[in-house]
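This briefing introduces a protein structure to a reader in the first year of study. Please keep the sequence and the structure in view while reading.

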Amino acid sequence: MALSLIRLAPFQLNFFRLSKQMILSRFSSLTCKSVASLNFEKQCLLTAPLLTLKFSRQEFHTSTPQEKWESKNNRKYPPQKPGEPRRPAEMFYSKRNIKHSKRKMWYAATFVKGMMIDDALTQLKYVNKKAAKIVREALLEAQQEAVTNHNVEYRSNLHVAASFATRARSEHAMRYHAKGRSSVLDLVYCHYFVCLREGPPPEKPHFTGYDQAEDYVKLLRQRRLDDSL
């Protein structure tokens, strides 16, 4: 496992947002070196020790286990009764540790939700964004996986039932500036999840502004007021 080496002065530790207990528990190998040879502008920085922190790339991983989403493909259903409509096939697929922001992936993920697979691939082909290319590659891989391993007869008879992105691990790096200054970079990663379901997408209910107002008034009338008559 590759280790990231970051050298920080004490006045730069506030960028990491790490408490003293976390540093002492996570990082056992701390070495101090003198910085008398470094040319800082202020004399107070000349006597500051230089800390060398070694930590793994997985220290800041905050995502769920990888098998949790794909394990839904192994779900067992009871036999269907006579006359019951056929249960459509579905396939769960994910793309992990993508070097992209979760917020930027949200636009492309919600854009294809509810579309047929061919329409989604065609629309993403003409979107000049990195997130659109990542989502399109994931949809193509999920489509091939559904046809190969999940008994889907027609690859075009699929719609995007679920599509969302979550936050993955994050890393930190140093960017050095002039005159001994530096800043901390946040390297963020994300996970992309998609569910393909056989058949056309369900029809979306059509709500007007009057319908929303009626639902809001109904919700207000059904609320409970404590200590009232």
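The notes below go from the overall layout to helix packing and then to single residues.

The model is predicted. Its protein chain has six helices and six strands, and 31% of the 229 residues count as buried.

**Overall layout**

- Starting at the N terminus, the elements of the protein chain follow the order β-α-β-β-α-β-α-α-α-β-β-α.
- Among contacts in the protein chain with a separation of 6 or more, 71% are accounted for by residues 24 or more positions apart.

**Packing of helices H3 and H5**

- Two packed helices are described by the angle between their axes and the distance between the axes.
- Helix H3, residues 102-111, packs against helix H5, residues 130-149, at an angle of about 55°, and the axes are 8 Å apart. That angle makes H3 oblique to H5.
- The crossing of these two helices, H3 and H5, is right-handed.
- On the H3 side, the contact is made by Lys104, Met105, Ala108 and Ala109. On the H5 side, Ala131, Ala132, Ile134 and Val135 take part.
- By residue class, this contact of H3 with H5 contains seven nonpolar residues, no polar residues and one charged residue.

**Packing of helices H4 and H5**

- Helix H4, residues 117-125, also packs with H5; here the angle is about 150° and the axes lie 9 Å apart.
- How are H4 and H5 oriented relative to each other, roughly parallel or roughly antiparallel? They are roughly antiparallel, because angles over 145 degrees are classed in this way.
- H4 passes H5 in a crossing that is left-handed.
- From H4, the residues Ile117, Asp118, Ala120, Leu121, Leu124 and Lys125 meet Ala132, Val135, Arg136, Leu139, Leu140 and Gln143 of H5.
- The contact of H4 with H5 comprises eight nonpolar residues, one polar residue and three charged residues.
- Ala132 and Val135 of H5 appear in the contact with H3 and also in the contact with H4.

**Cysteines**

- How many disulfides does the structure hold? The structure holds zero disulfides.
- Cys190 is buried, and its relative accessible area is 0%.
- Cys195 is likewise buried, with a relative accessible area of 2%.

**Residues with positive phi**

- Most residues other than glycine have a negative phi.
- Asn97, which is not glycine, has a positive phi near 55°. Asn97 is found in strand S4, residues 90-98, and is partly exposed at a relative accessible area of 34%.
- Lys179 is not a glycine either, and its phi is positive at about 60°.
- Where does Lys179 lie? Lys179 lies in the loop between strand S5, residues 158-176, and strand S6, residues 182-198.
- Is Lys179 buried or exposed? Lys179 is exposed, with a relative accessible area of 62%.

**Residues that meet distant parts of the sequence**

- Lys102 lies in helix H3 and counts as partly exposed at 38% relative accessibility.
- Although Lys102 and His191 are 89 residues apart along the chain, 7.7 Å separates their C-alpha atoms.
- Setting aside neighbours within four places in sequence, Lys102 is in contact with Ala165, Thr166, Arg167 and Cys190. Of these partners, Cys190 is one of the buried cysteines described above.
- Phe164 is found in strand S5 and is partly exposed, its relative accessible area being 33%.
- The C-alpha atoms of Phe164 and Val112 are separated by 9.8 Å, and the two residues are 52 residues apart along the chain.
- Which residues does Phe164 contact, leaving aside neighbours within four places in sequence? Phe164 is in contact with Trp69, Ala109, His191, Tyr192 and Phe193. One of these, Ala109, also belongs to the contact that H3 makes with H5.
- Glu141 lies in helix H5, and its relative accessibility of 32% counts as partly exposed.
- From C-alpha to C-alpha, Glu141 and Ser94 are 9.6 Å apart in space, with their positions 47 residues apart in sequence numbering.
- Not counting residues up to four places away in sequence, Glu141 touches Tyr93 and Lys95.

Methods:
Residues are numbered from 1 along each chain as its sequence is written. This is a predicted model: local features need pLDDT of at least 70, side-chain atom pairs count only at pLDDT 80 or more; totals for chains, interfaces and linings use all residues. Side-chain values use heavy atoms; hydrogens and water are left out. Axes are lines fitted to C-alpha atoms, for helices over the stretch in contact, and angles run from 0 to 180 degrees between N-to-C directions. Helices (H or I, at least four residues) and strands (E, at least two) are DSSP runs, numbered from the N terminus. Angles under 35 degrees count as roughly parallel, over 145 as roughly antiparallel, 65 to 115 as roughly perpendicular and the rest as oblique. A crossing is left-handed if the near helix is turned anticlockwise from the far one by less than a right angle, and right-handed if clockwise. Contact means heavy atoms within 4.5 Å. Ala, Val, Leu, Ile, Met, Phe, Trp, Tyr, Cys and Pro count as nonpolar, Asp, Glu, Lys and Arg as charged, and the others, Gly among them, as polar. A disulfide is a pair of cysteine sulfur atoms within 2.5 Å. Buried means under 20% relative accessible area, exposed over 50%, partly exposed in between (1.4 Å probe, protein chains only).
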